[in-house]
Amino acid sequence: MRRQPLIVFAALIVAGGAVLAWPTLSELARTPVPVGAVLPGTGAPVAAGPLATVPLASTQPTPAATETPAPTETPAPTETSTPTAPAGPSAAPGPTALPTLPPGGPRAAESNWHAFAPMPPDPGRLSGYRWPLVNGVISQPFGTSPFGALLVDGQRFHDGLDIASFCGDSVVAAHDGLVLAAGRRFDPYIGWVGSIEPHTRRMNRLHKWWELPITVIVDDGDGYRAIYAHFNAVAVRAGDHVHAGQRIGWEGSTGFATGCHVHFGLFSPFEAGQFELRPDVQKRTRYPAWEIARIDPLLVLPPLRLGKTSGPFPSPSPSPTPSPVPTP
Ligand SMILES: [Zn+2]
């Protein structure tokens, strides 16, 4: 019993040291943030890990690695054989059927896109997810944040969940899926609304690719894509099929992170809602002004393990998580 305060204290230290914003975000925002301590590779944070109490992956049938990239929105990986998407049945929930053209043909479809496009699956119906870090703490939740480079309802916003353990820890796939990108050339796959050409030209001209976080994008096959960022190194390539729990890389701090952690984001290419990039960031980076809205990963991850005395394990920002998909 006497260890409990020590463990909580250690977890708070660890979490506080890893406060961090989505790679390009804090980076882009250049918002001064406290320099975090690099976590030692000890077992200290382990006790506070967001452990799944129910091993979902083992209690339900594991669908074959995804075969349902978005019908029209999933760009093919560029480095390996194109993992085309057989329009076969999907083991995952959610609508995956191709949109049906209306009587007016493609033009009518275009003008009534939302009436015929697939809807994003309800996050509450998604299954098969596990934590990308077996042991870690939430160092920054999804939601409003002074470090956010996005705007939702006029508030600065962090569009993913930051989870931290220690530098070099194994990061595992949160869900079965198909790797769309692995490395620093991931921007075509993260749901920017509009052309990324201006940004790409800027990066080429200034030779700044090294500044981006090493990132893995996975099509989870259920209508959603997962974003994992800040790796030290990755263990997968575009075109790889991964299964939940498989190591995809090693925790790091690439991309102007203040400490080692994983930024975990989720979005559906079918989502109509959008998050706005702060105008000052957009102007400087030349990214598009909007991205497809993300959902709170806590909606699909197994519940946080309950402690002896209280609820979820400590987070430096114990504020409640906001609604999953705020729409501007
Ligand atoms: Zn983040």
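Let me start with one pair of residues, Gly-143, which stands opposite His-158 in strand E4, where strands (E, at least two residues) and helices (H or I, at least four residues) are DSSP runs, numbered from the N terminus. Strand E2 and strand E4, the latter covering residues 155-158, pair in the antiparallel sense over two bridges, and two strands count as paired if DSSP finds at least two bridges between them.

Before going further, I should say that this is a predicted model, in which local features need pLDDT of at least 70 and side-chain atom pairs count only at pLDDT 80 or more, while totals for chains, interfaces and linings use all residues. Residues are numbered from 1 along each chain as its sequence is written.

Now the chain as a whole. It has seven helices and 17 strands, and buried residues make up 46% of its 328 residues. By buried I mean that 20 or more other C-beta atoms lie within 10 Å of the residue's own, by exposed that 12 or fewer do, and by partly exposed anything in between, with C-beta atoms placed from the backbone. Two residues are in contact if their C-beta atoms, again placed from the backbone, lie within 7 Å; of the contacts in the chain with a separation of 6 or more, 78% are accounted for by residues 24 or more positions apart.

Back to the sheet we began with. Strand E2 belongs to an open sheet of six strands, in the order E2-E4-E3-E15-E16-E8, and the pairing is antiparallel. Strand E2 (143-144) and strand E8 (192-193) stand at the edges with a single partner strand each, so one side of each is left without a neighbour in the sheet. Further in, strand E3 (residues 150-152) pairs with strand E15 (residues 274-277) in the antiparallel sense over two bridges, and the bridge partner of Leu-151 in E15 is Glu-276. Strand E15 also pairs with strand E16 (residues 290-292), antiparallel and over three bridges, with Ile-292 in E16 as the bridge partner of Gln-274.

Following on from E15, Arg-278 lies in the loop between E15 and helix H7 (279-285). Arg-278 is partly exposed, with 19 other C-beta atoms within 10 Å, and its C-alpha is 5.3 Å from that of Leu-150, although the two residues are 128 residues apart in sequence.

A second open sheet has three strands in the order E6-E13-E11, with antiparallel pairing. Here strand E6 (170-172) and strand E11 (233-234) are at the edges, each having a single partner strand, so one side of each is left without a neighbour in the sheet. Strand E11 and strand E13 (residues 247-250) pair in the antiparallel sense over two bridges, and Ala-233 stands opposite Trp-250 in E13.

Which strands does E5 pair with? Strand E5 is joined antiparallel to strand E1 (residues 137-140) by three bridges, and three bridges also join E5, antiparallel, to strand E14 (residues 262-267). On the E1 side, the bridge partner of Gln-140 is Asp-162 in E5, whereas on the E14 side Leu-161 has Phe-264 as its bridge partner. As general background, in a regular strand the side chains alternate between the two faces of the sheet. In strand E5 (residues 161-164), Leu-161 and Ile-163 point one way and Asp-162 and Ala-164 the other way, and all are buried.

Turning to the interior, a nonpolar core is a set of buried Ala, Val, Leu, Ile, Met, Phe, Trp, Tyr and Cys residues joined through C-beta atoms within 7 Å. The largest such core has 57 residues, of which Val-216, Ile-217, Val-218 and Tyr-228 touch the most other members. Leaving aside neighbours within four places in sequence, Val-216 is in contact with residues including Val-179, Tyr-228, Phe-231 and Ile-248.

Why does helix H6 lie largely in the open? Of the 10 residues of H6 (residues 197-206), the number buried is one, so the helix lies largely in the open. Just after H6 comes His-207, with a positive phi of about 55 degrees, in the loop between H6 and strand E9 (214-219). His-207 is exposed, with 8 other C-beta atoms within 10 Å.

Finally, Phe-256 has a positive phi of about 65 degrees although it is not a glycine. Phe-256 sits in the loop between E13 and E14 and is buried, with 20 other C-beta atoms within 10 Å.
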